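Reader: Hello! Could you take me on a close look at the side-chain contacts in this model, with the cut-offs behind each term?

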Amino acid sequence: MVDLQTQYQHIKSEIDRGIEEVINSAAFIKGPKVAEFQAHLEQYTGAKHVIPVGNGTDALQIALMALGLERGDEVITPTFTFIATAEVVAWLGLTPVVVDVDWDTMNISVEGIRKAITPKTKAIVPVHLFGQCANMEAIMAIAKEHHLYVVEDACQAIGAKYTFADGTTKQAGTIGDIGCTSFFPSKNLGCYGDGGAIFTNDDALAERMKAVANHGCFVRYHHDFVGVNSRLDSIQAAILDAKLPHLNDYIAARQRAAAYYDKAFAGNEHILVPEHELHSTHVYHQYTLRLVGVDRDKVKEELAKRDIPAMIYYPIPLHLQKAYQDPRYKAGDFPVAERLMNCVLSLPMHTELDNEQLEYITRNVLEAIG
């Protein structure tokens, strides 16, 4: 699904040099490499503040902790997403309120958000699923109307750009009050372990989140509130800082691979290729098909026989997960998500795909479908 080894060989000298500098300095925690990467990521994204943390889940948790929400407050998020989006909401004693997604983009439904708002609603966590932004202009308008926070889950969409009706362009994760991203190795910008970051343009929220991530400290050994311990280590920062200048090239390579897939599958009645959100670019963290009129699982099995990996993201929506069973929801409540769980199939998508590999994959997908 992803070829990190070949990618590493292309920038081996840059990666190795950064790691060696950290080892020679012995500044493994909060060293200068972390500060350098933070500054470079602020420049790349346009975010006023970037706060490096331990992983994407930590980023989401710290963001919600910084908002001062109270137990029982409701947070709206899509049901069709990775579990971490709702996990941190529940872990903090908040109430996750899940809504359906749009069939075309698989991103959170704006109409679903509107219907889910109650007097207890305090925040919306839209997920920029698979690499493109949700409908942020509409979401921000709803948030403004109802005085809600917006925390973007941009863990799959770093580098994606959203253009507003007035022509203003912002990067995924820099539109809402707070944005969160992950540097899991398979991400478009991935490290060689765990890592994440938080974005905000709000000075007060930035200071609060820095303190939350540092045991609740504004001043060392003075703990003003209960926090957590979450930080990006220096070696991972060095790796990410070496990769960051290549991120736009990585995105372009993924987009070229996606264009090849799109062309190869065009016109096939059983294959729906990824649809684009009207105002967002797509950075293709995943290339996810919707298969109609065929047995998705059998197609996956046939591809495996031909040494082609394919994955199902995500086989069970949040409202059907055992850990999140809730009398408010039942099977059938979110028909789009439940349809998607039975038909989505993600193909290999990474920076190193060449035409020979793409031809082999697409030919065998078409043969498997019949």
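Author: Happily; what follows goes from the aromatic rings to the charged pairs, then to the cysteines and the sheet.

This is a predicted model, in which local features need pLDDT of at least 70 and side-chain atom pairs count only at pLDDT 80 or more, while totals for chains, interfaces and linings use all residues. Residues are numbered from 1 along each chain as its sequence is written, and side-chain values use heavy atoms, with hydrogens and water left out.

Let us begin with the rings. The structure holds twelve aromatic pairs. Rings of Phe, Tyr and Trp (its six-membered ring) pair if their centres lie within 6.5 Å; planes under 30 degrees apart count as stacked, over 60 as edge-to-face and the rest as tilted. One of these pairs is Phe 80 with Tyr 314, which is edge-to-face, with 6.1 Å centre to centre and 75 degrees between the planes. Phe 80 sits in the loop between β2 (74–78) and α5 (84–91), and Tyr 314 in the loop between α11 (296–305) and α12 (335–340), so their contact ties together parts that are 234 residues apart in sequence. Helices (H or I, at least four residues) and strands (E, at least two) are DSSP runs, numbered from the N terminus. Both Phe 80 and Tyr 314 are buried; here buried means under 20% relative accessible area, exposed over 50%, and partly exposed in between (1.4 Å probe, protein chains only). The pair belongs to one aromatic cluster formed by Phe 80, Phe 82, Phe 130, Tyr 313 and Tyr 314.

Another ring, that of Trp 103, meets charges. The charged end of Arg 290 sits over this ring at 5.1 Å from its centre, and Arg 339 lies over the face of Trp 103 at 3.9 Å from the ring centre. The rule asks for NZ of Lys or CZ of Arg within 6 Å of the ring centre and within 35 degrees of the ring normal.

Now for the charged pairs. There are 13 salt bridges, each a side-chain nitrogen of Lys or Arg within 4 Å of a carboxyl oxygen of Asp or Glu. Glu 21 and Lys 33 form one of them, at 2.9 Å from N to O. Glu 21 is in helix α2 (residues 12–25) and Lys 33 in helix α3 (residues 32–45), so this bridge ties together parts twelve residues apart in sequence. Glu 21 is partly exposed at 38% relative accessible area, whereas Lys 33 is buried at 15%. Arg 296 and Asp 297 form another, with the closest N and O atoms 2.7 Å apart. Glu 302 also bridges to Arg 306 at 3.0 Å, and salt bridges that share partners join Glu 302, Lys 305, Arg 306 and Glu 367 into one network.

As for cysteines, a search of the whole structure finds zero disulfides, meaning pairs of cysteine sulfur atoms within 2.5 Å. For Cys 133, the nearest cysteine sulfur is that of Cys 155, 13 Å away. For Cys 155, the nearest is that of Cys 180, at 6.4 Å.

Finally, the sheet. Seven strands form an open sheet in the order β1-β9-β8-β5-β4-β2-β3, with mixed pairing; two strands pair if DSSP finds at least two bridges between them. β1 (49–53) and β3 (95–99) stand at the edges with a single partner strand each, so one side of each is left without a neighbour in the sheet. Within the sheet, β8 (residues 178–182) and β9 (residues 196–200) pair in the antiparallel sense over four bridges.
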